[in-house]
Amino acid sequence: MSVCLPRGILTLSIDLEIDAAHLGLAEQRSLEAITSRLLKLVGKYELPATWAVADPAVSAATERIVSMRAGHEIAISGDATWVGREAGRSRFGRELARRCARARASGLAISTLTLKTTELEDHSDLAIKQGITAVRHPDAQCTARNARGLQPQTLRYGLWSFPVSLVLPHTSRWLPGGGGVRTARALIDQAICDRGLVQLAIDAPQLALRGFAAERALQCILQHAERRRRQGILDVVTLGNTASKLSSQAQGQPSHSILRPAA
């Protein structure tokens, strides 16, 4: 038996990490500025988001995000230096435990791990041991046509896997800011029709590089999401809260699928 979502769900995750090879003072200031603008933008539409940082306990963005008291979630951002096949199981367990312990010692509730360029491999048990219940996997660049096949799935030990539906800013060479508005709107509306989930991942450093046009495209997408929410057909929920809701619905049901096929 499948678990049926009551209506469409949108999750927003925002990556706030700059590639270490390109991290300088100018880049850091640019990231701080775009973080402020993103906080203002999601606050305008009252949309909770999952904000991913490398080490929540020491990130400069953590206090600002938590102080918003808007239902936002702080997540740990994992990269290939400590997550994936090359890093190995021991390093993954050690680094995740360190980050989680520091975060919780600072009073932060951590339940989500986001990955941009690598996979979790067979380390689900180590993640759940640290209280991780949601893992966002690298983008799949899906379309409204194949979105049904890219829905959250349960891994071992009750860990939920969330494939990325679309990364913003998008990659168009012809549309301002990379485009992506039409695709994102279609994915949101498809999730509503299927009573499924769409996961939009926002790359904050890239958004800063693309400038105003990319931010304007994102604003159009968030306006669409907020409109659908006001219509009562879309929920906007953090990854951690989504995993919690799905786990509650899935109790006692044997299927790994969370969706009932659309009629």
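**Exercise 1. The loop that holds P169**

Task: In this predicted model, determine where P169 is placed and what kind of peptide bond joins L168 and P169.

Solution.
Step 1. P169 belongs to the loop between β8 and α5.
Step 2. The bond that joins L168 and P169 is a cis peptide bond, with omega of about 5°.
Step 3. Both residues also help to line a cavity, the second largest, and further lining residues include H170, G177 and L207.

**Exercise 2. The second largest cavity**

Task: State how many cavities of 30 Å³ or more a search of the whole structure finds, and describe the lining of the second largest cavity by class.

Solution.
Step 1. The search of the whole structure yields two cavities of 30 Å³ or more.
Step 2. The second largest cavity contains about 40 Å³ of space.
Step 3. Helix α7 (residues 212–230) supplies the largest share of its lining, four residues. Among the lining residues are A214, A217, L218 and I221.
Step 4. Sorted by class, the lining has seven nonpolar residues, three polar residues and no charged residues.

**Exercise 3. Strand β9 and its partners**

Task: Establish how many residues of strand β9 are buried, and identify the sense in which β1 and β9 pair.

Solution.
Step 1. In strand β9 (residues 197–203), seven of the seven residues are buried, so the strand is largely enclosed by the rest of the structure.
Step 2. In a regular strand, side chains alternate between the two faces of the sheet. In β9, L197, Q199, A201 and D203 point one way, V198, L200 and I202 point the other way, and all are buried.
Step 3. Strand β1 (residues 8–15) pairs with β9 in the parallel sense over seven bridges. The bridge partner of D15 in β9 is D203.
Step 4. β8 likewise pairs with β9 in the parallel sense, over three bridges, and V167 has A201 as its bridge partner in β9.
Step 5. From β8 the chain crosses through helix α5 (residues 181–194) to β9, and this β-α-β crossover is right-handed.

**Exercise 4. S165, before β8**

Task: Decide whether S165 is buried or exposed, and give the distance in space between S165 and I188.

Solution.
Step 1. S165 is situated in the loop between β7 (160–164) and β8 (166–168).
Step 2. Its relative accessibility is 3%, so S165 counts as buried, the cut-off being under 20%.
Step 3. S165 and I188 are 23 residues apart in sequence, and their C-alpha atoms are 9.9 Å apart in space.

**Exercise 5. Positive phi outside glycine**

Task: For E121, give the value of phi; for R195, do likewise.

Solution.
Step 1. E121 is not a glycine, yet its phi is positive, about 60°. E121 sits in the loop between β4 (112–115) and α4 (124–129), and its relative accessibility of 34% makes it partly exposed.
Step 2. R195, also a residue other than glycine, has a positive phi near 50°. R195 is found in the loop between α5 and β9, and at 27% relative accessibility R195 is partly exposed.

**Exercise 6. The aromatic pair**

Task: Classify the arrangement of W82 and F92, and explain which parts the pair ties together.

Solution.
Step 1. One aromatic pair is found in a search of the whole structure.
Step 2. The pair is formed by W82 and F92, with 5.9 Å centre to centre and 15° between the planes; the arrangement is stacked.
Step 3. W82 lies in the loop between β3 (73–78) and α3 (89–105), and F92 lies in helix α3, so the pair ties together parts ten residues apart in sequence.
Step 4. W82 is buried at a relative accessible area of 1%, and F92 is buried at 0% relative accessibility.

Technical notes:
Residues numbered from 1 in each chain as written. Predicted model: local features only at pLDDT ≥ 70, side-chain atom pairs only at ≥ 80, totals over all residues. Heavy atoms only, no water. Phe/Tyr/Trp six-rings, centres within 6.5 Å; stacked < 30°, edge-to-face > 60°. Helix = DSSP H or I, 4+ residues; strand = E, 2+ residues; numbered from the N terminus. Buried < 20%, exposed > 50% of the residue type's maximum accessible area, 1.4 Å probe, protein only. Pairing = 2+ DSSP bridges. Right-handed = clockwise from strand over helix to strand, strands pointing away. 1 Å grid on protein atoms, 1.4 Å probe; cavity = no way out; pocket = protein on both sides within 12 Å on 5 of 7 lines; lining within 4 Å. Points joined across faces, edges and corners; volume = space filled by probe spheres on them. Nonpolar A, V, L, I, M, F, W, Y, C, P; charged D, E, K, R; others polar.
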